[in-house]
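Colleague: I have a predicted model open and I'd like to know what stands behind the labels people put on it. Mind if I ask how each call is made?

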Amino acid sequence: MTQPAETGSGPAVSAVWPGSSYPLGATYDGAGTNFALFSEIAERVELCLIGKDGSETRIDLGEVDGYVWHAYLPTIGPGQRYGFRVHGSWDPAAGHRCDSSKLLLDPYGKAFHGDFDFTQALFSYDMAAAAGDPSDTGTPPMVDSLGHTMTSVVINPYFDWASDRAPRTPYHETVIYEAHVKGMTQTHPGIPEEQRGTYAGLAHPVIIDHLDSLNVTAIELMPVHQFLHDHRLLELGLRNYWGYNTFGFFAPHNQYAASRHAGGAVAEFKAMVRTFHEAGIEVILDVVYNHTAEGNHLGPTINFRGIDNAAYYRLADDDPRFYKDYTGTGNSLNARNPHTLQLIMDSLRYWVTEMHVDGFRFDLASTLARELHDVDRLSAFFDLVQQDPVVSQVKLIAEPWDVGEGGYQVGNFPGLWTEWNGKYRDTVRDYWRGEPETLGEFASRLTGSSDLYEATGRRPSASINFVTCHDGFTLTDLVSYNEKHNEANGEDNRDGESYNRSWNCGVEGPTDDPDILALRARQIRNIMATLMVSQGTPMIAHGDEFGRTQRGNNNVYCQDSELSWMDWSLAEKNADLLDFTRKATALRRDHPVFRRRRFFEGRPIRSGDEVRDIAWLTPAGEEMTQQDWDSEFGKCVMVFLNGDALPEPDARGERVVDDSFLLCFNAHDAAVDFVTPNDDYAQQWTAELDTTDAVGATDTVVPAGATITLPARSLMILRKTL
């Protein structure tokens, strides 16, 4: 046993043992806590224990193995607040920014306490001097950040998971619901006030029942890793609502916890996951490993910058004072460095093994795949994920682009991955707003985007199909606005995407015109129904099921207000849309022909049989010709889906047989007559879903060769009944 080498007047420490270099972070074992921190550049590292009164005890970490500084404190347990001070080189020109005046947060911290005040104490340069020359970061002013920054917290890792089991829903049976912890629950009248905006609120029975009624199998949570509210936004009276500003990749964001004691967010998050699993719903996290909250060279020194700047960040080749920015946020994590890769992989494994989550959606995932400059599907990150026995077995969803050159990589991720299909989003928007020459592209997206995914051995479910998400217009706004209206964000409407492929149906924004309101409602139903009958994995954006609006704001990243929260009164006001969505998702759930595991082949299913697994027909009921496909008009089509031609067996190896369907699409601005095909396909059809009806209800029975008149911009789904 070694005696503590300590300074300050904080918590008393009876002994300091050598401890272990693994695992990194603070690990409580029931008797004491092991602390370990990686820093290759450090010359000396101090562990700082912080008392509840703000006092500090500093302990030299004299043990270092493989650049990991460590110690074990036998009397330190859960609730203890701590940080690190790293002594080393301050040489921005070489990429080094050690500043021992900064209390640094643990990159592996499982919980955090307090807040940031954005005074000079958080910054390792003279803020007044830098205003004159942004490139001159000078010598650190050495203003102590203790009391101005958050602190890391030792947690109790033990939790009663009872009989928790991961649902492990196959992709082809998955329906994803993208949601925001606070936005989903903040105004729900059925949730106790003290639980609104929290993990506990999200796990409340009223939310579970709502998701179950929509046949949702997975909830995808917008960032819940501990994040920072940007100083600029706070000065404007705004907040980083979305949370894409992480500094703690192991900690659930503490402001989403109803529990207010240090570390309480961890147990509350675990209880939420357990509740979702009991309901058969998976939990997917939107994770942001592409950058951190420290921003560019003028950002605060919170943790990574002061611990080992050159290891954790991509620095400019010609001037390491500056950061490569493939994300538009000021910096990019250095996924080429083995210790940064370890941090990412350790974080992913932690959330699977300790927090029991079921998958991840990777924000700006192309950044993680950049080796030198280009996106490389053979990058070290992909290699590590592929061979990892834990991470490789959960759902991995890429946002397959970043803001750097060559960053748009839809269809180019490795076989283990699924992708947000941006081409699906764009094509479905264009088709239903009546853009010419979109039919061929629409057909590809409707049938699972084989042109994007089949060459890499992937199946239709690799396409995460979405038309709206957190980023951009809601579904209601997509059919109500031609232009973005982001004035509330304080950037003179310059922020957010300007080309949205939206259509306001004739009037910008709110209107009392009954014809326009009816058209907008039908367009919403058209898009929702299309999403549910498309091959691939559908994703619904929270609130679209009952008409949530952001009043034309397509970038509410900074709007922590009623503008961005779910307005649950709409569930009653727009009950017909909610009922329609439930009917559409139930149709998908009940019929495997809409969620095939393999791509269509377009060939007869048996020798001599004229009926194929899929057939494309003109409104006249005849086979599409190349001239039909090339037609500039291209706004109407019938699609026959053969339920007797499903090539894949079920989980027990038995043949899957389903009903056959006829999908009738009319994106024209006038009514069109559709003639059902001859009785080689069916003798009789029954309408299952009709977007001209507010709730999709219909009992129409149609014989072969009969004419159906579809009103302008509508969709009818017919099922073979004879």
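Modeller: Go ahead. Let's start at Pro-23, which sits in the loop between strand E1 (6-8) and strand E2 (25-28).

Colleague: What makes the peptide bond between Tyr-22 and Pro-23 cis?

Modeller: The omega value: it is about 0° for the bond joining Tyr-22 and Pro-23, and that bond is listed as cis.

Colleague: Next loop, then. Where is Met-142, and what is noted about its phi?

Modeller: Met-142 is in the loop between helix H1 (127-130) and strand E12 (151-153). Its phi is near 60°, a positive value in a residue other than glycine. Asn-493 is another non-glycine residue with positive phi, about 65°, and it belongs to the loop between H13 and H14.

Colleague: Why is Met-142 called partly exposed?

Modeller: Buried means under 20% relative accessible area and exposed means over 50%. Met-142 has 46%, so it falls in between and counts as partly exposed.

Colleague: And Leu-333, buried or exposed?

Modeller: Buried: its relative accessible area is 2%, which is under the 20% cut-off, so the label follows. Leu-333 lies in the loop between helix H7 (304-312) and H8. Beyond its neighbours within four places in sequence, it is in contact with Phe-249, Tyr-289, Asn-290, His-291, Thr-292, Tyr-312, Tyr-313, Arg-314 and Thr-340. Take Tyr-289: 44 residues away from Leu-333 in sequence, but 7.0 Å away C-alpha to C-alpha.

Colleague: How do you know that Tyr-481 is buried?

Modeller: Same kind of check: 8% relative accessibility is under 20%, so Tyr-481 counts as buried. This one is found in the loop between helix H13 (475-478) and H14. Leaving out residues up to four places away in sequence, Tyr-481 touches Phe-473, Ser-502, Trp-503, Asn-504, Glu-508, Gly-509, Pro-510, Arg-551 and Gly-552. The C-alpha atoms of Tyr-481 and Gly-552 are separated by 6.2 Å, with their positions 71 residues apart along the chain.

Colleague: On to helices. What makes the packing of H8 on H9 nonpolar?

Modeller: Geometry before chemistry. The axes of helix H8 (residues 338-353) and helix H9 (residues 380-387) come within 11 Å and cross at roughly 35°, and the crossing is right-handed. H8 brings Leu-341, Ile-344 and Met-345 to the contact, while H9 brings Ala-380, Phe-381, Leu-384 and Val-385. Leu, Ile, Met, Ala, Phe and Val are all on the nonpolar list, so the tally is seven nonpolar, no polar and no charged.

Colleague: Which residues does Phe-381 touch?

Modeller: Not counting residues up to four places away in sequence, Phe-381 touches Leu-341, Ile-344, Met-345, Phe-362, Leu-368 and Trp-417. Phe-381 is also one of the residues with the most contacts inside the largest nonpolar core, which has 151 residues. Helix H14 (residues 514-533) gives the largest share of that core, nine residues.

Colleague: Why is that core said to lie between the two domains?

Modeller: Domain 1 (25-154) and domain 2 (603-720) both give residues to it, so it lies between them. The centres of domain 1 and domain 2, taken over C-alpha atoms, are 63 Å apart.

Technical notes
Residues are numbered from 1 along each chain as its sequence is written. This is a predicted model: local features need pLDDT of at least 70, side-chain atom pairs count only at pLDDT 80 or more; totals for chains, interfaces and linings use all residues. Side-chain values use heavy atoms; hydrogens and water are left out. Axes are lines fitted to C-alpha atoms, for helices over the stretch in contact, and angles run from 0 to 180 degrees between N-to-C directions. Helices (H or I, at least four residues) and strands (E, at least two) are DSSP runs, numbered from the N terminus. A crossing is left-handed if the near helix is turned anticlockwise from the far one by less than a right angle, and right-handed if clockwise. Contact means heavy atoms within 4.5 Å. A nonpolar core is a set of buried Ala, Val, Leu, Ile, Met, Phe, Trp, Tyr and Cys residues joined through side-chain atoms within 4.5 Å. Buried means under 20% relative accessible area, exposed over 50%, partly exposed in between (1.4 Å probe, protein chains only). Domain bounds come from an automatic or database domain assignment.
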